[in-house]
Amino acid sequence: MDTPDHASASSEASAPAPWYRRVLPVTLVLVLAIGLAGAVVPSFRHQLQLSLTRQPTSYVELYFAAPTSGGARAACTRKGAQVRVRFVLKSHLERRQRVAYRVAIAPSTIGTRARRQAGSTPLGPGQSAVVRRSFTWPRGKAYVASVLLPELDQRLRVRCPGGRR
């Protein structure tokens, strides 16, 4: 049986096209659809702009102050019946505004009522504020110190041992 040296026209037509001939038209249609949606639909255009450009981030850092020279944790300082909580607010805000906070001292065990204080401090872009709050607390009782920034949904907690510090 003789076989032809070249493929017939029907076998060339049934061969699949190279991958780039299939992908290129589909990609072109998708790019045109996205461009058209960006030009016509304002909410899509806004989301596209947010995705493709750098947006400034406004936030406030909340952390306990550095340890004291004696090695005690700054959040767990005690002098007699006074417990002191010291924390830092550092602004990365775009404009000056008041930052509200709540400080609470709660018992580690049942038997003592929690103590709370609220306040606020003005912060401008790049500014820091060290906030100090004092509470009366029974000597030798362990406690949990909490700081909350309610408007920014940030919270810090530290467990402080009883005894002298």
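Okay, let's start with one residue: Tyr 143 is buried, at 1% relative accessible area. Before I say what it packs with, a reminder that this is a predicted model.

So, which residue does Tyr 143 form an aromatic pair with? I'll get there by way of another pair. Searching the whole structure turns up three aromatic pairs. One of them is Phe 87 with Tyr 101: the ring centres sit 5.4 Å apart with 75° between the planes, and because an angle over 60 counts as edge-to-face, that's what we call this pair. In sequence terms, these two are 14 residues apart, and the pair links distant parts of the chain. Phe 87 belongs to strand 3, residues 82–92, while Tyr 101 belongs to strand 4, residues 97–107.

Are those two rings buried or exposed? Phe 87 has a relative accessible area of 0%, so it's buried. Tyr 101 comes in at 4%, so that one is buried as well.

Now back to Tyr 143. Its partner is Trp 137, again edge-to-face, with 6.1 Å from centre to centre and 65° between the planes. Trp 137 has 1% relative accessibility, so it counts as buried, and Tyr 143, as I said, is also at 1%.

Let me zoom out for a second. What's the overall make-up? We've got three helices and eight strands. Going along the sequence, the order is α-α-α-β-β-β-β-β-β-β-β. There are 165 residues in the protein, and 24% of them are buried.

Let's look at the helices, since there's a surface feature there. Ile 34, Leu 36, Val 40, Val 41, Phe 44, Leu 48 and Leu 52 make a nonpolar surface patch of about 640 Å². Which elements give two or more residues to that nonpolar patch? Helix 2, residues 19–40, and helix 3, residues 42–52. If you want one residue to click on, take Ile 34, which is in helix 2. Its relative accessible area is 46%, so Ile 34 is partly exposed.

Over to strand 4, where Tyr 101 sits. I picked out a few other positions there. Val 99 is in strand 4 too, and at 3% relative accessibility it counts as buried. Its C-alpha is 6.1 Å from that of Pro 122, with the two positions 23 residues apart along the chain.

Then there's Ala 104, also in strand 4. Is it buried or exposed? Buried, with a relative accessible area of 18%; the cut-off for buried is under 20%, so Ala 104 makes it in. From Ala 104 to Phe 135 you go 31 residues in sequence, and 9.1 Å in space, C-alpha to C-alpha.

Further along strand 4 you reach Ala 106. This one has a relative accessible area of 25%, so we call it partly exposed. Ala 106 and Arg 159 are 53 residues apart along the chain, and their C-alpha atoms are separated by 9.5 Å.

Arg 159 brings me to the charged side of things. Together with Arg 102, Arg 155 and Arg 157, it forms a positive surface patch. Where does the largest share of the positive patch come from? Strand 8, residues 154–160, which supplies three residues. Arg 157 is in strand 8, and at 53% relative accessibility it counts as exposed.

While we're in strand 8, have a look at Leu 156. Leu 156 is partly exposed, with 22% relative accessible area. Its C-alpha is 5.6 Å from the C-alpha of Ser 146, and the two are 10 residues apart in sequence.

Last stop, and this is one for the backbone people: Asp 153. It's in the loop between strand 7, residues 143–149, and strand 8. What's notable about its phi? The angle is near 55°, a positive value in a residue other than glycine. And how accessible is Asp 153? The relative accessible area is 71%, so Asp 153 is exposed.

To recap the tour: we began with Tyr 143, buried and paired edge-to-face with Trp 137, went by the nonpolar patch that draws on helix 2 and helix 3, and came round to the positive patch, with its largest share from strand 8. That's my bit, thanks everyone.

Notes: Residues numbered from 1 in each chain as written. Predicted model: local features only at pLDDT ≥ 70, side-chain atom pairs only at ≥ 80, totals over all residues. Heavy atoms only, no water. Phe/Tyr/Trp six-rings, centres within 6.5 Å; stacked < 30°, edge-to-face > 60°. Helix = DSSP H or I, 4+ residues; strand = E, 2+ residues; numbered from the N terminus. Buried < 20%, exposed > 50% of the residue type's maximum accessible area, 1.4 Å probe, protein only. Patch = residues over 30% accessible without salt bridge, like charges linked within 9 Å, V, L, I, M, F, W, Y side chains within 5 Å. Areas by Shrake-Rupley, 256 points an atom, 1.4 Å probe, with all protein chains shown as cover. Salt bridge = Lys/Arg side-chain N within 4 Å of Asp/Glu carboxyl O. Lys, Arg positive; Asp, Glu negative; His and termini not counted. Charge placed at Lys NZ, Arg CZ, Asp CG, Glu CD.
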